[in-house]
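Please look through the structure shown here and read the report that follows alongside it. The report begins with the ligand and then turns to the spaces in the protein and to the chain as a whole.

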Amino acid sequence: MGITDDLFDISGKTAVVTGGSSGIGLMIATGFIESGARVIISSRKADVCAQVADELNALAAESGRFTDLEQRPAAIALPADLSTEGACAELARQVMEVTGGRLDILVNNAGATWGAPFDDHDDAAWNRVMDLNVKGVFHLTRFLHGALRAAATPEDPARVINIGSVDGIHVPTLETYSYTAAKAAVHQVTRAMAKRLGPEHITVNAIAPGPFQSRMMRATLEVAGDAIAASIPLRRIGSDSDMAGAAIFLASRAGAYVNAAIIPVDGGMVGTL
Ligand SMILES: NC(=O)c1ccc[n+]([C@@H]2O[C@H](COP(=O)([O-])OP(=O)(O)OC[C@H]3O[C@@H](n4cnc5c(N)ncnc54)[C@H](OP(=O)(O)O)[C@@H]3O)[C@@H](O)[C@H]2O)c1
(Lines give C-alpha, C1' and ligand atoms only; values in the text may rest on other atoms or scores of the structure.)
Protein backbone atom coordinates (compact mmCIF):
# COMPACT_ATOMS: atom_id res chain seq x y z
CA MET A 1 0.00 0.00 0.00
CA GLY A 2 1.33 3.44 -0.93
CA ILE A 3 1.74 6.06 1.77
CA THR A 4 -1.36 7.97 0.68
CA ASP A 5 -3.62 5.10 -0.45
CA ASP A 6 -6.98 5.39 1.32
CA LEU A 7 -5.37 7.86 3.73
CA PHE A 8 -8.61 9.63 4.66
CA ASP A 9 -10.89 6.65 4.00
CA ILE A 10 -13.37 5.89 6.78
CA SER A 11 -15.85 3.91 4.70
CA GLY A 12 -17.19 0.82 6.44
CA LYS A 13 -16.53 2.23 9.91
CA THR A 14 -19.26 2.80 12.49
CA ALA A 15 -19.40 5.92 14.66
CA VAL A 16 -21.48 7.15 17.56
CA VAL A 17 -21.96 10.93 17.43
CA THR A 18 -23.61 12.37 20.52
CA GLY A 19 -25.54 15.55 19.84
CA GLY A 20 -25.48 14.46 16.19
CA SER A 21 -28.87 16.03 15.52
CA SER A 22 -27.66 19.64 15.38
CA GLY A 23 -24.75 22.02 14.84
CA ILE A 24 -21.24 20.61 15.11
CA GLY A 25 -22.44 17.04 15.73
CA LEU A 26 -24.54 17.16 12.57
CA MET A 27 -21.58 18.56 10.57
CA ILE A 28 -19.51 15.57 11.70
CA ALA A 29 -22.30 13.01 11.18
CA THR A 30 -22.94 14.37 7.67
CA GLY A 31 -19.23 14.25 6.82
CA PHE A 32 -19.02 10.66 8.05
CA ILE A 33 -22.08 9.56 6.02
CA GLU A 34 -20.76 11.29 2.88
CA SER A 35 -17.52 9.36 3.43
CA GLY A 36 -19.29 6.00 3.65
CA ALA A 37 -19.23 5.53 7.45
CA ARG A 38 -22.32 4.52 9.43
CA VAL A 39 -23.45 6.74 12.28
CA ILE A 40 -25.53 6.35 15.39
CA ILE A 41 -26.74 9.77 16.51
CA SER A 42 -27.96 10.44 20.02
CA SER A 43 -29.59 13.46 21.63
CA ARG A 44 -32.57 14.10 23.89
CA LYS A 45 -35.37 14.97 21.49
CA ALA A 46 -36.38 11.61 20.00
CA ASP A 47 -38.44 13.10 17.14
CA VAL A 48 -35.62 15.41 16.00
CA CYS A 49 -33.10 12.59 16.32
CA ALA A 50 -35.29 10.28 14.18
CA GLN A 51 -35.91 12.97 11.56
CA VAL A 52 -32.19 13.76 11.25
CA ALA A 53 -31.41 10.02 10.94
CA ASP A 54 -33.95 9.83 8.08
CA GLU A 55 -32.25 12.78 6.35
CA LEU A 56 -28.83 11.18 6.80
CA ASN A 57 -30.16 7.91 5.36
CA ALA A 58 -31.49 9.79 2.31
CA LEU A 59 -28.04 11.37 1.91
CA ALA A 60 -26.42 7.94 2.22
CA ALA A 61 -28.67 6.58 -0.54
CA GLU A 62 -27.83 9.57 -2.78
CA SER A 63 -24.10 9.23 -2.12
CA GLY A 64 -23.87 5.75 -3.63
CA ARG A 65 -21.26 4.92 -0.95
CA PHE A 66 -23.34 2.11 0.61
CA THR A 67 -24.27 -1.12 -1.15
CA ASP A 68 -26.28 -2.74 1.67
CA LEU A 69 -28.76 -0.06 2.75
CA GLU A 70 -31.69 -2.45 2.36
CA GLN A 71 -30.21 -4.74 4.99
CA ARG A 72 -28.84 -2.06 7.32
CA PRO A 73 -29.53 1.69 7.54
CA ALA A 74 -26.54 4.04 7.40
CA ALA A 75 -27.86 6.23 10.23
CA ILE A 76 -29.67 5.18 13.39
CA ALA A 77 -31.21 7.39 16.10
CA LEU A 78 -30.82 6.30 19.72
CA PRO A 79 -32.18 9.17 21.82
CA ALA A 80 -30.77 9.72 25.31
CA ASP A 81 -30.21 12.42 27.91
CA LEU A 82 -26.50 11.96 28.46
CA SER A 83 -26.28 14.03 31.64
CA THR A 84 -26.63 11.00 33.93
CA GLU A 85 -24.42 7.98 34.41
CA GLY A 86 -27.43 5.65 34.06
CA ALA A 87 -28.42 7.10 30.68
CA CYS A 88 -24.83 6.77 29.40
CA ALA A 89 -24.84 3.10 30.46
CA GLU A 90 -28.18 2.51 28.75
CA LEU A 91 -27.06 4.18 25.50
CA ALA A 92 -23.88 2.09 25.54
CA ARG A 93 -25.99 -1.06 26.00
CA GLN A 94 -28.14 -0.12 23.00
CA VAL A 95 -25.06 0.73 20.91
CA MET A 96 -23.56 -2.68 21.74
CA GLU A 97 -26.80 -4.33 20.62
CA VAL A 98 -26.90 -2.44 17.30
CA THR A 99 -23.20 -2.83 16.50
CA GLY A 100 -22.68 -6.36 17.78
CA GLY A 101 -20.32 -4.98 20.43
CA ARG A 102 -17.79 -3.38 18.06
CA LEU A 103 -17.42 0.40 17.66
CA ASP A 104 -14.77 2.17 15.55
CA ILE A 105 -15.36 5.83 16.47
CA LEU A 106 -16.97 7.65 19.40
CA VAL A 107 -17.55 11.38 19.03
CA ASN A 108 -18.45 12.90 22.40
CA ASN A 109 -19.98 16.12 21.12
CA ALA A 110 -23.22 16.74 23.06
CA GLY A 111 -22.79 19.81 25.21
CA ALA A 112 -24.55 22.73 26.78
CA THR A 113 -23.52 26.18 27.90
CA TRP A 114 -24.73 28.57 30.60
CA GLY A 115 -24.20 32.29 30.87
CA ALA A 116 -24.93 34.22 34.06
CA PRO A 117 -23.25 37.06 35.94
CA PHE A 118 -20.63 36.03 38.51
CA ASP A 119 -22.89 36.74 41.50
CA ASP A 120 -25.73 34.63 40.05
CA HIS A 121 -23.67 31.67 38.83
CA ASP A 122 -25.39 29.15 41.12
CA ASP A 123 -25.26 25.39 41.52
CA ALA A 124 -27.69 24.77 38.65
CA ALA A 125 -25.27 26.56 36.31
CA TRP A 126 -22.53 24.18 37.39
CA ASN A 127 -24.44 20.90 37.57
CA ARG A 128 -26.13 21.07 34.18
CA VAL A 129 -22.89 21.94 32.38
CA MET A 130 -20.51 19.64 34.26
CA ASP A 131 -22.92 16.66 34.21
CA LEU A 132 -23.26 16.68 30.42
CA ASN A 133 -20.04 18.28 29.15
CA VAL A 134 -17.57 16.49 31.42
CA LYS A 135 -19.13 13.55 33.26
CA GLY A 136 -21.16 12.50 30.20
CA VAL A 137 -17.99 12.39 28.06
CA PHE A 138 -16.16 10.28 30.63
CA HIS A 139 -19.00 7.86 31.44
CA LEU A 140 -20.01 7.16 27.85
CA THR A 141 -16.39 6.46 26.90
CA ARG A 142 -16.07 4.18 29.92
CA PHE A 143 -19.22 2.24 29.08
CA LEU A 144 -18.19 1.89 25.41
CA HIS A 145 -14.63 0.88 26.29
CA GLY A 146 -15.23 -2.81 25.48
CA ALA A 147 -16.80 -2.03 22.08
CA LEU A 148 -13.94 0.33 21.16
CA ARG A 149 -11.37 -2.26 22.25
CA ALA A 150 -13.10 -4.89 20.11
CA ALA A 151 -12.66 -2.70 16.99
CA ALA A 152 -9.11 -1.55 17.74
CA THR A 153 -5.94 -2.78 16.02
CA PRO A 154 -2.38 -1.38 16.17
CA GLU A 155 -2.61 -0.33 12.48
CA ASP A 156 -6.10 1.10 12.75
CA PRO A 157 -6.88 2.18 16.32
CA ALA A 158 -10.41 2.85 17.54
CA ARG A 159 -10.93 6.59 17.96
CA VAL A 160 -12.50 8.75 20.63
CA ILE A 161 -12.98 12.36 19.55
CA ASN A 162 -14.10 14.74 22.27
CA ILE A 163 -15.46 18.16 21.38
CA GLY A 164 -13.83 20.68 23.69
CA SER A 165 -13.69 24.39 22.89
CA VAL A 166 -11.40 27.36 22.46
CA ASP A 167 -13.22 28.47 25.64
CA GLY A 168 -11.32 25.73 27.46
CA ILE A 169 -8.03 27.35 26.35
CA HIS A 170 -8.59 31.11 26.56
CA VAL A 171 -10.82 33.11 28.92
CA PRO A 172 -14.08 33.81 27.09
CA THR A 173 -15.61 37.28 26.85
CA LEU A 174 -19.01 36.10 28.10
CA GLU A 175 -19.63 35.13 31.74
CA THR A 176 -19.73 31.36 31.22
CA TYR A 177 -17.73 30.20 34.24
CA SER A 178 -18.97 26.61 34.40
CA TYR A 179 -18.65 26.21 30.62
CA THR A 180 -15.05 27.45 30.39
CA ALA A 181 -14.09 25.22 33.36
CA ALA A 182 -15.94 22.26 31.84
CA LYS A 183 -14.19 22.61 28.49
CA ALA A 184 -10.76 22.82 30.14
CA ALA A 185 -11.76 19.65 32.02
CA VAL A 186 -12.73 17.96 28.74
CA HIS A 187 -9.26 18.71 27.37
CA GLN A 188 -7.55 17.35 30.48
CA VAL A 189 -9.67 14.19 30.73
CA THR A 190 -8.96 13.63 27.01
CA ARG A 191 -5.25 13.48 27.82
CA ALA A 192 -5.79 11.25 30.86
CA MET A 193 -7.92 8.78 28.86
CA ALA A 194 -5.43 8.85 25.96
CA LYS A 195 -2.70 7.66 28.32
CA ARG A 196 -4.89 4.87 29.71
CA LEU A 197 -6.39 3.68 26.42
CA GLY A 198 -3.43 4.20 24.05
CA PRO A 199 -1.84 0.82 24.92
CA GLU A 200 -5.16 -0.79 23.91
CA HIS A 201 -4.94 0.91 20.48
CA ILE A 202 -7.65 3.45 21.20
CA THR A 203 -6.73 7.07 20.47
CA VAL A 204 -8.38 9.87 22.43
CA ASN A 205 -8.17 13.41 21.07
CA ALA A 206 -10.14 16.62 21.38
CA ILE A 207 -11.17 19.16 18.80
CA ALA A 208 -11.38 22.66 20.26
CA PRO A 209 -13.71 24.53 17.91
CA GLY A 210 -13.76 28.28 17.52
CA PRO A 211 -17.11 29.80 16.45
CA PHE A 212 -19.36 27.59 14.29
CA GLN A 213 -22.99 28.12 13.34
CA SER A 214 -25.24 26.09 15.66
CA ARG A 215 -28.29 26.34 17.89
CA MET A 216 -26.03 27.14 20.86
CA MET A 217 -24.26 29.93 18.96
CA ARG A 218 -27.23 31.34 17.04
CA ALA A 219 -27.96 34.28 19.37
CA THR A 220 -24.29 35.16 19.86
CA LEU A 221 -23.54 35.09 16.13
CA GLU A 222 -26.66 37.13 15.33
CA VAL A 223 -25.57 39.88 17.70
CA ALA A 224 -21.79 39.74 17.32
CA GLY A 225 -21.03 37.47 14.33
CA ASP A 226 -19.27 40.17 12.29
CA ALA A 227 -17.14 41.33 15.22
CA ILE A 228 -16.23 37.73 16.10
CA ALA A 229 -15.26 36.96 12.50
CA ALA A 230 -13.19 40.17 12.34
CA SER A 231 -11.27 39.14 15.47
CA ILE A 232 -10.13 35.83 13.93
CA PRO A 233 -6.94 35.79 11.81
CA LEU A 234 -8.79 34.02 8.94
CA ARG A 235 -11.63 36.61 9.24
CA ARG A 236 -14.54 34.15 9.18
CA ILE A 237 -16.40 31.66 11.33
CA GLY A 238 -15.99 27.93 10.75
CA SER A 239 -17.78 26.00 8.00
CA ASP A 240 -19.34 22.54 7.99
CA SER A 241 -16.41 21.15 6.00
CA ASP A 242 -13.84 22.67 8.39
CA MET A 243 -15.39 20.62 11.21
CA ALA A 244 -16.03 17.46 9.17
CA GLY A 245 -12.45 17.63 7.87
CA ALA A 246 -10.90 17.65 11.33
CA ALA A 247 -13.09 14.75 12.48
CA ILE A 248 -12.41 12.68 9.34
CA PHE A 249 -8.66 13.27 9.75
CA LEU A 250 -8.80 12.02 13.36
CA ALA A 251 -11.00 9.04 12.39
CA SER A 252 -8.95 7.88 9.39
CA ARG A 253 -5.54 6.29 8.77
CA ALA A 254 -4.19 9.85 8.36
CA GLY A 255 -4.81 10.43 12.08
CA ALA A 256 -3.83 7.00 13.39
CA TYR A 257 -0.74 8.25 15.29
CA VAL A 258 -2.37 11.34 16.77
CA ASN A 259 -3.18 10.77 20.43
CA ALA A 260 -3.83 13.04 23.45
CA ALA A 261 -3.94 16.07 21.15
CA ILE A 262 -6.14 19.12 21.65
CA ILE A 263 -6.61 20.50 18.15
CA PRO A 264 -7.99 24.03 17.79
CA VAL A 265 -10.14 24.40 14.66
CA ASP A 266 -10.62 28.12 14.99
CA GLY A 267 -8.99 30.06 12.15
CA GLY A 268 -6.02 30.90 14.37
CA MET A 269 -8.00 32.37 17.28
CA VAL A 270 -6.20 30.82 20.25
CA GLY A 271 -2.88 30.27 18.47
CA THR A 272 -2.42 34.03 18.18
CA LEU A 273 -3.38 35.08 21.71
N1 LIG B 1 -20.87 26.08 17.95
C2 LIG B 1 -19.76 26.54 18.42
O3 LIG B 1 -19.30 27.61 18.05
C4 LIG B 1 -18.95 25.74 19.43
C5 LIG B 1 -17.68 26.20 19.78
C6 LIG B 1 -16.92 25.44 20.66
C7 LIG B 1 -17.41 24.25 21.16
N8 LIG B 1 -18.67 23.83 20.81
C9 LIG B 1 -19.14 22.55 21.34
O10 LIG B 1 -19.71 21.78 20.31
C11 LIG B 1 -20.63 20.86 20.86
C12 LIG B 1 -21.93 20.92 20.07
O13 LIG B 1 -22.55 22.19 20.28
P14 LIG B 1 -23.27 23.02 19.13
O15 LIG B 1 -22.66 24.36 19.12
O16 LIG B 1 -23.29 22.24 17.88
O17 LIG B 1 -24.71 23.19 19.78
P18 LIG B 1 -26.17 22.68 19.41
O19 LIG B 1 -26.51 23.00 18.00
O20 LIG B 1 -27.02 23.24 20.49
O21 LIG B 1 -26.08 21.10 19.55
C22 LIG B 1 -26.04 20.45 20.79
C23 LIG B 1 -26.42 19.01 20.60
O24 LIG B 1 -26.33 18.33 21.85
C25 LIG B 1 -27.59 17.74 22.17
N26 LIG B 1 -27.80 17.75 23.60
C27 LIG B 1 -27.97 18.82 24.42
N28 LIG B 1 -28.16 18.43 25.69
C29 LIG B 1 -28.10 17.07 25.69
C30 LIG B 1 -28.23 16.08 26.68
N31 LIG B 1 -28.46 16.38 27.97
N32 LIG B 1 -28.12 14.77 26.32
C33 LIG B 1 -27.89 14.43 25.02
N34 LIG B 1 -27.75 15.31 24.04
C35 LIG B 1 -27.86 16.63 24.36
C36 LIG B 1 -28.63 18.58 21.42
O37 LIG B 1 -29.85 17.90 21.14
P38 LIG B 1 -31.10 17.91 22.18
O39 LIG B 1 -31.33 19.32 22.59
O40 LIG B 1 -32.25 17.29 21.42
O41 LIG B 1 -30.68 17.03 23.31
C42 LIG B 1 -27.86 18.84 20.11
O43 LIG B 1 -27.95 17.74 19.25
C44 LIG B 1 -20.78 21.24 22.33
O45 LIG B 1 -19.98 20.38 23.12
C46 LIG B 1 -20.24 22.65 22.38
O47 LIG B 1 -19.77 22.99 23.65
C48 LIG B 1 -19.45 24.55 19.97
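## Polar contacts of the ligand

In this predicted model, a polar backbone atom of Leu82 lies 2.9 Å from a nitrogen atom of the ligand. Two side chains also make polar contacts with the ligand: an N or O atom in the side chain of Ser214 is 2.6 Å from a ligand oxygen atom, and a polar side-chain atom of Lys183 is 2.9 Å from an oxygen atom of the ligand. Taken on its own, the ligand has 890 Å² of accessible area, and the protein covers 96% of that area.

## The shell around the ligand

The ligand is surrounded by 28 residues, of which Ser22, Arg44, Asn109, Tyr179 and Ser214 are the closest. Sorted by class, this shell consists of twelve nonpolar, eleven polar and five charged residues. Helix α1, covering residues 23-34, and helix α6, covering residues 177-197, each contribute at least two residues to the shell.

Ser214 thus appears both among the closest residues of the shell and as a partner in a polar contact, through its side chain, with a ligand oxygen atom.

## The cavity

The structure holds one cavity of 30 Å³ or more, and the space in the largest cavity amounts to about 50 Å³. Its lining is made up of Thr18, Leu82, Asn108, Asn109, Ala110, Leu132, Gly136, Val137 and Leu140. Helix α4, which runs over residues 123-143, provides four residues, the largest share of this lining. By class, the lining of the largest cavity has five nonpolar and four polar residues, and no charged ones.

Two residues of this lining, Leu82 and Asn109, also belong to the account of the ligand: Leu82 has a polar backbone atom 2.9 Å from a ligand nitrogen atom, while Asn109 is one of the closest residues in the ligand shell.

## The second largest pocket

The second largest pocket has a volume of about 190 Å³. It is lined by 13 residues, and those closest to its centre are Thr14, Arg38, Arg72, Val98 and Thr99. Two elements, β2 (38-42) and α3 (85-99), give two or more residues to this lining, and the largest share, three residues, comes from β2. The lining of the second largest pocket divides into six nonpolar, three polar and four charged residues, whereas the lining of the largest cavity has no charged residues.

## The chain as a whole

The protein chain contains eight helices and seven strands. Its radius of gyration is 18 Å, close to the 19 Å that the globule rule gives for 273 residues, so the chain is as compact as a globular protein of that length. Along the principal axes, the C-alpha trace of the protein chain extends over about 55 × 40 × 40 Å.

Methods
Residues are numbered from 1 along each chain as its sequence is written. This is a predicted model: local features need pLDDT of at least 70, side-chain atom pairs count only at pLDDT 80 or more; totals for chains, interfaces and linings use all residues. Side-chain values use heavy atoms; hydrogens and water are left out. On a 1 Å grid over the protein atoms alone, a cavity is a set of points where a 1.4 Å probe fits but cannot get out, and a pocket is an open set with protein on both sides within 12 Å along at least five of seven lines; lining residues have an atom within 4 Å of a point. Grid points are joined across faces, edges and corners, and a volume is the space filled by probe spheres set on the points. Ala, Val, Leu, Ile, Met, Phe, Trp, Tyr, Cys and Pro count as nonpolar, Asp, Glu, Lys and Arg as charged, and the others, Gly among them, as polar. A residue is near a molecule or strand if one of its heavy atoms lies within 4 Å of it. A polar contact is a pair of N or O atoms within 3.5 Å; within protein, one must be able to donate a hydrogen and the other to accept it, and residues adjacent in sequence count only if both atoms are side-chain atoms. Accessible areas come from the Shrake-Rupley method with a 1.4 Å probe; for residues, only the protein chains shown count as cover. The radius of gyration is taken over C-alpha atoms; the globule rule is 2.2 Å times the number of residues to the power 0.38.
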